[in-house]
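Work through the exercises below with the model open beside you. Each task is followed by a worked solution.

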Amino acid sequence: MSQPPSSDIRIEWAGTRRPHAAAPGVPDLICLSHLRWRFVFQRPQHLMTRAARTRRVFFVEEPVESGGTPRLVIERDASGVYVAVPHLPPDVASESRARIQRAMLERLIADAGIANGVFWYWTPMALPFTRGFDPIAVVFDCMDHLAGFAYAPRELVDLERDLLSRADLVFTGGRSLYESRRDQHPDVHLFPSSVDVAHFARARTGLPEPADQQRIPRPRLGYCGVIDERMDLELIDGLAARRPDWQIVLVGPTAKIDPAQLRRRPNVHLPGQRAYAELPAYLGGWDVALLPFAHNDATRFISPTKTPEYLAAGRPVVSTSIRDVVSPYGELGLVRIADTVDAFTAAVEVALAGPAPDWLARVDAFISGLSWDRTWDRMAALIDALVAARLAPARRGPRVLPSVAAADRPRAAGRTPSRARSRA
């Protein structure tokens, strides 16, 4: 299928009018994500709901297959974020997808009146359809080592290298990622997983238990998050077999694994995905929280957001020896670390016996320094300072925007002032 002309690509502002004008001097964010906005509420949602309080945020998802004319469907989330979902016919050839997505992005920029926009990448896979645009700045929020995930595209490594050469700012979601990327770019910043303490601390207040969890006997060992290839399924199965009186509750969507692998034991429960607002009520009914991650390429650099969330909920935590959990949480005695079925069982038994008298005070002292609000404020300060510097020459007089060829060249070594518009 050849690329349709831009005029044949529909833009649908579903249930909302075209967005209001951008705030003076505040750049729009155009986010390019591999995650769905309405999937698990995690780092992108935490950051962009905060960003949307002061600026326009356009969250562009990966395409979904849909019949009819290619169209970009945009809905305004309750947070104020504009969620844009490309709809492509199933018969679109792979070489045409990037051209169609590029045309959609051009239409979005024109329809929304984006003059000075920042491209914020969560996935290098967005590069093929964003090359040639001229954003005021480029941010790469490297929240995961995506090349290590199951079914990662072969071109991902090369595209990430390209993105690192083009980015103005690189943020990393954990210390391991920071250490692996800090020599690959001149401006890398560590922004590890944070937590909404007040939200999860509600688990300590005796919230009414969800109906589906009330029926599960105690003691309960719980996990919340995506259940995928990062989980140590053998460890979970071994733990369930070793202690059939313990109930293991795994709250979250299943992806890239067969759920039947987890349903072999009557004491393993999979309630499915639950809304972020519901999580404190589930955590409040657990006796121990689990981080049962495998050691593989997908977990080599992870920094689980749920670690501080569990602690804010006041739950004792047992984790496998994931590097960004061992340091700092294990080293500070806030989380118990174990890898084998025997060691993990023993660690859970100790946790069930009750924490040390000062454990909760030490937890609260540590997590008091964590806040998604502060994380976003620091990120925004870096972005806004960069944008202000880029716009300053324009206030002194006219300047020449880079040509298409110049816009397509790597930018990390030599920054060029730029605007978020297509250089088609």
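**Exercise 1. Accessibility of three residues**

Task: Is His 199 buried or exposed? Classify Val 326 and Gly 333 in the same way.

Solution. Keep in mind that this is a predicted model.

Step 1. His 199 has a relative accessible area of 12%. The cut-off for buried is under 20%. His 199 is therefore buried. This residue sits in helix α6. Beyond residues up to four places away in sequence, His 199 touches Tyr 276, Ala 277 and Pro 280.

Step 2. Val 326 has a relative accessible area of 26%, so this residue counts as partly exposed. Its helix is α11, residues 323-330. Setting aside neighbours within four places in sequence, Val 326 contacts Ser 321, Glu 331 and Ile 337. Val 326 and Arg 336 are ten residues apart in sequence, and their C-alpha atoms are 8.7 Å apart.

Step 3. Gly 333 has a relative accessible area of 38% and is partly exposed. Its place is the loop between α11 and β16 (336-337).

**Exercise 2. The two sides of helix α13**

Task: Which residues of helix α13 (residues 359-367) are buried, and why do they fall on the same side?

Solution.

Step 1. Pick out the buried residues: Trp 359, Val 363 and Ile 367.

Step 2. Check their directions. These residues cover an arc of only 55 degrees around the axis, which puts them on the same side of α13.

Step 3. Recall the helix geometry. An α-helix has 3.6 residues a turn, so residues three or four places apart point the same way.

Step 4. Turn to the other side of α13. Ala 361 and Ala 365 are exposed there.

Step 5. Find the packing partners. The buried residues of α13 pack against α6 (197-201) and α10 (306-312).

Step 6. Add the loop residue from Exercise 1. Gly 333 touches Trp 359 and Arg 362, not counting residues up to four places away in sequence. The C-alpha atoms of Gly 333 and Val 363 are separated by 9.2 Å, though the two residues lie 30 apart along the chain.

**Exercise 3. Strand β3 and its partners**

Task: Which way do the residues of strand β3 (residues 57-60) point, and how many bridges join β3 to strand β6?

Solution.

Step 1. Sort the side chains. Val 57 and Phe 59 point one way, Phe 58 and Val 60 the other way. All are buried.

Step 2. Take the pairing with strand β2 (residues 28-32). β2 and β3 are parallel, with four bridges. Leu 32 stands opposite Val 60.

Step 3. Take strand β6 (residues 82-88). Three bridges join β6 to β3, and the two run parallel. Phe 59 has Val 83 as its bridge partner in β6.

Step 4. Trace the crossover. β2, helix α1 (residues 43-51) and β3 form a right-handed β-α-β unit.

**Exercise 4. Strand β14**

Task: Repeat the analysis for strand β14 (residues 288-291). Which residue of β14 is the bridge partner of Gly 222?

Solution.

Step 1. Val 288 and Leu 290 point one way from β14, and Ala 289 and Leu 291 the other way. All are buried.

Step 2. Strand β11 (residues 220-224) runs parallel to β14 and is joined to β14 by two bridges. The partner of Gly 222 is Ala 289.

Step 3. Strand β15 (residues 317-319) is also parallel to β14, with three bridges between them. Leu 290 has Val 318 as its bridge partner.

Step 4. β14, α10 and β15 make a right-handed β-α-β unit.

**Exercise 5. Nonpolar cores**

Task: How many residues does the largest nonpolar core have, and which helix gives the most to this core?

Solution.

Step 1. The largest nonpolar core has 53 residues. Those with the most contacts inside it are Ile 248, Leu 283, Trp 286, Tyr 310 and Leu 311.

Step 2. Helix α8 (residues 233-242) gives the most to this core, with five residues.

Step 3. Look around Leu 283. Leaving aside neighbours within four places in sequence, its contacts include Phe 200, Cys 224 and Tyr 310.

Step 4. Another core lies apart from this one. That core has 40 residues, among them Phe 129, Leu 163, Val 170 and Leu 177.

**Exercise 6. Confidence**

Task: Where is the pLDDT below 50?

Solution.

Step 1. Start with the whole chain. The mean pLDDT is 88, and 89% of the residues reach 70 or more.

Step 2. The pLDDT is below 50 over residues 1-5. This stretch has 14 contacts in the model beyond near neighbours in sequence.

Step 3. The pLDDT is also below 50 over residues 396-424. This stretch has 81 such contacts in the model.

Note on methods:
Residues numbered from 1 in each chain as written. Predicted model: local features only at pLDDT ≥ 70, side-chain atom pairs only at ≥ 80, totals over all residues. Heavy atoms only, no water. Buried < 20%, exposed > 50% of the residue type's maximum accessible area, 1.4 Å probe, protein only. Pairing = 2+ DSSP bridges. Right-handed = clockwise from strand over helix to strand, strands pointing away. Arc of directions from axis to C-beta. Contact = heavy atoms within 4.5 Å. Core = buried A, V, L, I, M, F, W, Y, C linked by side-chain atoms within 4.5 Å. pLDDT = per-residue confidence, 0-100.
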